[in-house]
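Let us learn how to read the arrangement of strands and helices in a protein model. Please have the structure in view before the dialogue begins.

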Amino acid sequence: MTVLVVDGQGGRLGSQLVKEIVQRFPEHDLLAVGTNSMATERMLKAGAARAATGENAVAVACRRADVIVGPVGMVIADALLGEVTPVMAEAVGRSGAVRILLPSDKCDTLIAGIGGQGMSALIADAMDKLGVVLAQKTTQEG
(Lines give C-alpha, C1' and ligand atoms only; values in the text may rest on other atoms or scores of the structure.)
Protein backbone atom coordinates (compact mmCIF):
# COMPACT_ATOMS: atom_id res chain seq x y z
CA MET A 1 0.00 0.00 0.00
CA THR A 2 1.17 3.52 -0.77
CA VAL A 3 0.44 6.06 1.95
CA LEU A 4 0.77 9.67 0.84
CA VAL A 5 1.30 12.42 3.39
CA VAL A 6 0.61 15.90 2.04
CA ASP A 7 1.30 19.12 3.91
CA GLY A 8 2.25 22.73 3.42
CA GLN A 9 3.50 25.80 5.23
CA GLY A 10 6.19 24.65 7.70
CA GLY A 11 5.38 20.96 7.40
CA ARG A 12 4.87 20.51 11.13
CA LEU A 13 1.74 18.35 10.87
CA GLY A 14 3.21 16.40 7.95
CA SER A 15 6.40 15.66 9.87
CA GLN A 16 4.41 14.41 12.86
CA LEU A 17 2.34 12.17 10.59
CA VAL A 18 5.43 10.83 8.80
CA LYS A 19 7.11 9.99 12.10
CA GLU A 20 4.05 8.07 13.32
CA ILE A 21 3.54 6.22 10.03
CA VAL A 22 7.21 5.18 9.83
CA GLN A 23 7.00 3.82 13.37
CA ARG A 24 3.59 2.13 13.17
CA PHE A 25 3.40 1.00 9.54
CA PRO A 26 6.98 0.47 8.26
CA GLU A 27 5.88 -2.27 5.86
CA HIS A 28 3.93 0.19 3.71
CA ASP A 29 5.31 2.53 1.07
CA LEU A 30 5.35 6.11 2.35
CA LEU A 31 5.53 9.12 0.10
CA ALA A 32 5.62 12.68 1.44
CA VAL A 33 4.68 15.64 -0.74
CA GLY A 34 4.88 19.23 0.37
CA THR A 35 3.29 22.26 -1.19
CA ASN A 36 6.65 23.95 -0.63
CA SER A 37 10.26 22.89 -0.09
CA MET A 38 10.23 23.66 3.65
CA ALA A 39 7.34 21.27 4.26
CA THR A 40 9.00 18.59 2.13
CA GLU A 41 12.34 18.99 3.91
CA ARG A 42 10.72 18.70 7.32
CA MET A 43 8.92 15.49 6.30
CA LEU A 44 12.20 14.04 4.99
CA LYS A 45 13.87 14.83 8.31
CA ALA A 46 11.00 13.06 10.08
CA GLY A 47 11.80 9.84 8.22
CA ALA A 48 10.18 9.86 4.79
CA ALA A 49 12.39 7.96 2.36
CA ARG A 50 10.71 9.45 -0.70
CA ALA A 51 9.44 12.98 -1.12
CA ALA A 52 8.55 15.58 -3.71
CA THR A 53 7.43 19.19 -3.82
CA GLY A 54 4.84 21.24 -5.65
CA GLU A 55 1.59 21.22 -7.53
CA ASN A 56 2.41 18.56 -10.11
CA ALA A 57 3.94 16.30 -7.47
CA VAL A 58 0.71 16.47 -5.46
CA ALA A 59 -1.37 15.70 -8.57
CA VAL A 60 0.77 12.72 -9.62
CA ALA A 61 1.10 11.31 -6.11
CA CYS A 62 -2.66 11.48 -5.55
CA ARG A 63 -3.21 9.28 -8.62
CA ARG A 64 -0.83 6.65 -7.23
CA ALA A 65 -1.78 6.67 -3.54
CA ASP A 66 -3.96 4.14 -1.76
CA VAL A 67 -4.40 6.40 1.27
CA ILE A 68 -3.87 10.17 1.62
CA VAL A 69 -3.22 11.67 5.05
CA GLY A 70 -2.94 15.39 5.75
CA PRO A 71 -4.72 18.55 6.85
CA VAL A 72 -8.30 19.15 5.71
CA GLY A 73 -7.06 22.27 3.94
CA MET A 74 -5.59 20.07 1.22
CA VAL A 75 -9.08 19.75 -0.30
CA ILE A 76 -9.80 23.49 -0.11
CA ALA A 77 -8.43 25.67 -2.91
CA ASP A 78 -6.42 28.64 -1.62
CA ALA A 79 -6.11 27.16 1.91
CA LEU A 80 -2.91 27.32 3.95
CA LEU A 81 -2.44 30.99 3.07
CA GLY A 82 -2.89 30.25 -0.62
CA GLU A 83 -0.42 27.36 -0.86
CA VAL A 84 -3.11 24.87 -1.87
CA THR A 85 -3.82 25.54 -5.51
CA PRO A 86 -7.11 24.54 -7.15
CA VAL A 87 -5.20 21.79 -8.99
CA MET A 88 -3.92 20.36 -5.69
CA ALA A 89 -7.33 20.49 -4.00
CA GLU A 90 -8.96 18.82 -6.98
CA ALA A 91 -6.27 16.11 -7.12
CA VAL A 92 -6.77 15.22 -3.47
CA GLY A 93 -10.56 15.41 -3.73
CA ARG A 94 -10.81 13.34 -6.92
CA SER A 95 -8.26 10.73 -5.93
CA GLY A 96 -9.49 7.18 -5.65
CA ALA A 97 -7.51 6.91 -2.41
CA VAL A 98 -9.06 6.84 1.02
CA ARG A 99 -8.53 10.28 2.60
CA ILE A 100 -7.78 10.75 6.30
CA LEU A 101 -7.89 14.51 6.84
CA LEU A 102 -7.12 16.28 10.09
CA PRO A 103 -8.88 19.51 11.01
CA SER A 104 -6.70 22.54 11.38
CA ASP A 105 -7.53 26.17 11.99
CA LYS A 106 -4.70 27.15 9.63
CA CYS A 107 -7.08 26.87 6.67
CA ASP A 108 -9.78 29.19 8.07
CA THR A 109 -12.21 26.29 8.13
CA LEU A 110 -13.80 25.23 11.39
CA ILE A 111 -15.24 21.75 11.56
CA ALA A 112 -18.16 21.27 13.92
CA GLY A 113 -18.13 18.31 16.27
CA ILE A 114 -14.37 18.21 16.80
CA GLY A 115 -14.46 19.69 20.29
CA GLY A 116 -11.26 20.66 21.99
CA GLN A 117 -9.10 17.76 20.83
CA GLY A 118 -5.45 18.68 20.54
CA MET A 119 -3.32 17.78 17.54
CA SER A 120 -1.73 14.81 19.38
CA ALA A 121 -5.15 13.24 19.92
CA LEU A 122 -6.12 13.92 16.31
CA ILE A 123 -2.91 12.32 15.03
CA ALA A 124 -3.48 9.26 17.25
CA ASP A 125 -7.02 8.94 15.87
CA ALA A 126 -5.73 9.34 12.30
CA MET A 127 -3.17 6.55 12.88
CA ASP A 128 -5.89 4.26 14.26
CA LYS A 129 -8.01 4.96 11.17
CA LEU A 130 -4.98 4.39 8.91
CA GLY A 131 -4.37 1.01 10.56
CA VAL A 132 -7.95 -0.06 9.86
CA VAL A 133 -7.81 1.12 6.23
CA LEU A 134 -4.47 -0.57 5.55
CA ALA A 135 -5.65 -3.84 7.11
CA GLN A 136 -8.84 -3.79 5.01
CA LYS A 137 -7.03 -2.96 1.76
CA THR A 138 -4.35 -5.59 2.42
CA THR A 139 -7.03 -8.23 3.06
CA GLN A 140 -8.89 -7.26 -0.12
CA GLU A 141 -5.75 -7.57 -2.24
CA GLY A 142 -4.58 -10.81 -0.64
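The dialogue below turns to the sheet, to the helices that pack on it, to pairs of helices and to a salt bridge.

Q: What kind of model is this, and in which order do the strands form the sheet?
A: The model is predicted. Its sheet is open and is formed by 5 strands in the order 3-2-1-4-5, with parallel pairing. Strand 3 (50–53) and strand 5 (98–102) are the edge strands, since each of them pairs on one side only. From one strand to the next, the twist averages 20 degrees.

Q: How many bridges join strand 2 to strand 3, and which residue stands opposite Leu31?
A: Strand 2 (residues 29–34) and strand 3 run parallel and are joined by 4 bridges. Opposite Leu31 stands Arg50, a residue of strand 3.

Q: Which strands does helix 1 touch, and which does helix 2 touch?
A: Helix 1 (residues 12–24) packs on the sheet and touches strand 1 (2–7), strand 2, strand 4 (67–71) and strand 5. The direction of helix 1 makes about 160 degrees with that of strand 1. Helix 2 (residues 37–45) also packs on the sheet, where it touches strand 1, strand 2 and strand 3. The direction of helix 2 makes about 150 degrees with that of strand 2.

Q: How are two packed helices described?
A: One gives the angle between their axes and the distance between the axes. In this structure, helix 1 and helix 6 (residues 119–141) pack at about 45 degrees, and their axes are 11 Å apart. Helix 1 is therefore oblique to helix 6. The crossing of helix 1 past helix 6 is right-handed.

Q: Which residues of helix 1 and helix 6 meet?
A: On the side of helix 1 they are Leu13, Gln16, Leu17, Glu20, Ile21 and Arg24, and on the side of helix 6 they are Met119, Ile123, Ala124, Met127, Asp128 and Leu130. By class, this contact has 8 nonpolar, 1 polar and 3 charged residues.

Q: At what angle do the axes of helix 3 and helix 5 cross?
A: The axes of helix 3 (residues 55–64) and helix 5 (residues 86–94) cross at roughly 10 degrees and come within 9 Å. Angles under 35 degrees count as roughly parallel, so helix 3 and helix 5 are roughly parallel to each other. Glu55, Val58, Ala59 and Cys62 of helix 3 meet Val87, Met88, Ala91 and Val92 of helix 5. This contact has 7 nonpolar, no polar and 1 charged residues.

Q: How many salt bridges does a search of the whole structure find?
A: The search finds 5 salt bridges. In one salt bridge, the side chains of Asp29 and Arg50 meet at 2.8 Å, N to O. This pair links distant parts of the chain, for Asp29 lies in strand 2 and Arg50 in strand 3, 21 residues apart.

Key
Residues numbered from 1 in each chain as written. Predicted model: local features only at pLDDT ≥ 70, side-chain atom pairs only at ≥ 80, totals over all residues. Heavy atoms only, no water. Axes fitted to C-alpha atoms, helices over the stretch in contact; angles between N-to-C directions. Helix = DSSP H or I, 4+ residues; strand = E, 2+ residues; numbered from the N terminus. Parallel < 35°, antiparallel > 145°, perpendicular 65-115°, else oblique. Contact = heavy atoms within 4.5 Å. Nonpolar A, V, L, I, M, F, W, Y, C, P; charged D, E, K, R; others polar. Pairing = 2+ DSSP bridges. Left-handed = near helix turned anticlockwise from the far one by under 90°. Salt bridge = Lys/Arg side-chain N within 4 Å of Asp/Glu carboxyl O.
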